[in-house]
Amino acid sequence: MHYGFIGLGNLGGHLAASLLGAGFKVTVHDKDRAAANRLVERGATWANNPGSLGGQCDAVLTCLPSPKVSELVLGQILQTMQPGATWIEMSTLGRDEILRLAAVAAEKGVRTMELPVTGGVHLAAQGKITMLAGGDKDLFELHRPALEAMGDKIFHMGPLGSASVIKVITNMLAFIHLVADGEALMLAKRGGLDLGQAWAAIKASSGSSFVHETEGQLILNGSYNVAFTMDLALKDLGFAMDFGREFDVPLDLAGLTAQTFVRGRAAYGGNAQSTQIVKLLEDAVGTDLRAPGFPARLE
């Protein structure tokens, strides 16, 4: 199976590397040639543009920053993809968007599987990220070996659109947990506790979360370097709020969290790390959350 991969940023670069490491033939493209060169050095083939890539591959994976970019790139690869090929969309899109774009692909005889991932860039680097697939079951089984090369927890959520819903749900929870973790750590700091010990105690308690155990360390280090931006967080929270209205589910906590991220973006910019949302609280009370011994990046 020959895979194309477009979008070799913080996440996509690791995922494409995992495919190469598992022995798949991989052709790559990114607007940043330097990001692609690291993979070419490991055996990938470079394509000058998405169109030339699409015509070479049995399946094309895209891992892109926004629905607008996904639609643009899809239009380019569909010019050359062969009928029966697969588009595997790993970007976080809304359910309606993936269904609409899949219909466009179907007009060209190209099948679609959505494959958003969750767990963080550090797990992608280890080949241990969680993969959330949506689409026809036979298509999922066809590409299962590639999915197993990139991740170790793989879920077929159901028909196309299902993975978009669960991905938005998991991200919504992560952002709520992030804001809550900042408040918890600040209570510990202002209460006179050793922050390192407080972090460890929370980790071992019923109040722990994946976010506390991972992004909490980056907060205590002060790097905040989670490789995920305020803009991306607000995009995902917007999807969550849309689902809340559509499914008639009040999302009080998600709504408050979205408002907090709006303030965070206003304060630090859309390209600031999403974990810097905790800095709003640090700045508001004039107290930082630094503690020794915590990493600047998750490995």
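**Strand 5 and the surrounding sheet**

In this predicted model, strand 5 (residues 86-89) is covered on both faces. Thr-86 and Ile-88 are buried on one side, and Trp-87 and Glu-89 are buried on the other.

Strand 5 pairs in the parallel sense with strand 4 (residues 59-62), and the pairing comprises four bridges. Within this pairing, Thr-62 stands opposite Glu-89 of strand 5. The connection from strand 4 to strand 5 passes through helix 4 (residues 67-77), and this β-α-β crossover is right-handed.

Strand 5 also pairs with strand 6 (residues 111-114), again in the parallel sense and over four bridges. Here Trp-87 is the residue that stands opposite Thr-112 in strand 6. The chain reaches strand 6 from strand 5 by way of helix 5 (residues 95-107), in a β-α-β crossover that is right-handed. Trp-87 is thus described both by its burial and by its position opposite Thr-112.

These strands belong to an open sheet of six strands, with parallel pairing and the order 3-2-1-4-5-6. Strand 3 (45-46) and strand 6 stand at the edges of the sheet; each has a single partner strand, so one side of each is left without a neighbour in the sheet.

Elsewhere in the sheet, strand 1 (residues 2-6) and strand 2 (residues 25-29) run parallel and are joined by five bridges. Among the residues involved, Tyr-3 has Val-26 in strand 2 as its bridge partner. Helix 1 (residues 12-21) packs on the sheet and touches strand 1, strand 2 and strand 4. The direction of helix 1 makes about 165 degrees with that of strand 1.

The cysteines were examined next. A disulfide is a covalent bond between the sulfur atoms of two cysteines. A search of the whole structure finds zero disulfides. Cys-57 is in no disulfide, and the nearest cysteine sulfur to that of Cys-57 belongs to Cys-63, 16 Å away. Cys-63 is likewise in no disulfide, its nearest cysteine sulfur being that of Cys-57 at 16 Å. A disulfide requires the two sulfur atoms to lie within 2.5 Å, and the separation of 16 Å does not meet this cut-off.

Both residues were also assessed for burial, for which the relative accessible area must be under 20%. Cys-57 has a relative accessible area of 6% and is therefore buried. Cys-63, with a relative accessible area of 14%, is also buried.

Note on methods: Residues are numbered from 1 along each chain as its sequence is written. This is a predicted model: local features need pLDDT of at least 70, side-chain atom pairs count only at pLDDT 80 or more; totals for chains, interfaces and linings use all residues. Side-chain values use heavy atoms; hydrogens and water are left out. Buried means under 20% relative accessible area, exposed over 50%, partly exposed in between (1.4 Å probe, protein chains only). Helices (H or I, at least four residues) and strands (E, at least two) are DSSP runs, numbered from the N terminus. Two strands pair if DSSP finds at least two bridges between them. A crossover is right-handed if, with the strands pointing away from the viewer, the path from the first strand over the helix to the second runs clockwise. Contact means heavy atoms within 4.5 Å. Axes are lines fitted to C-alpha atoms, for helices over the stretch in contact, and angles run from 0 to 180 degrees between N-to-C directions.
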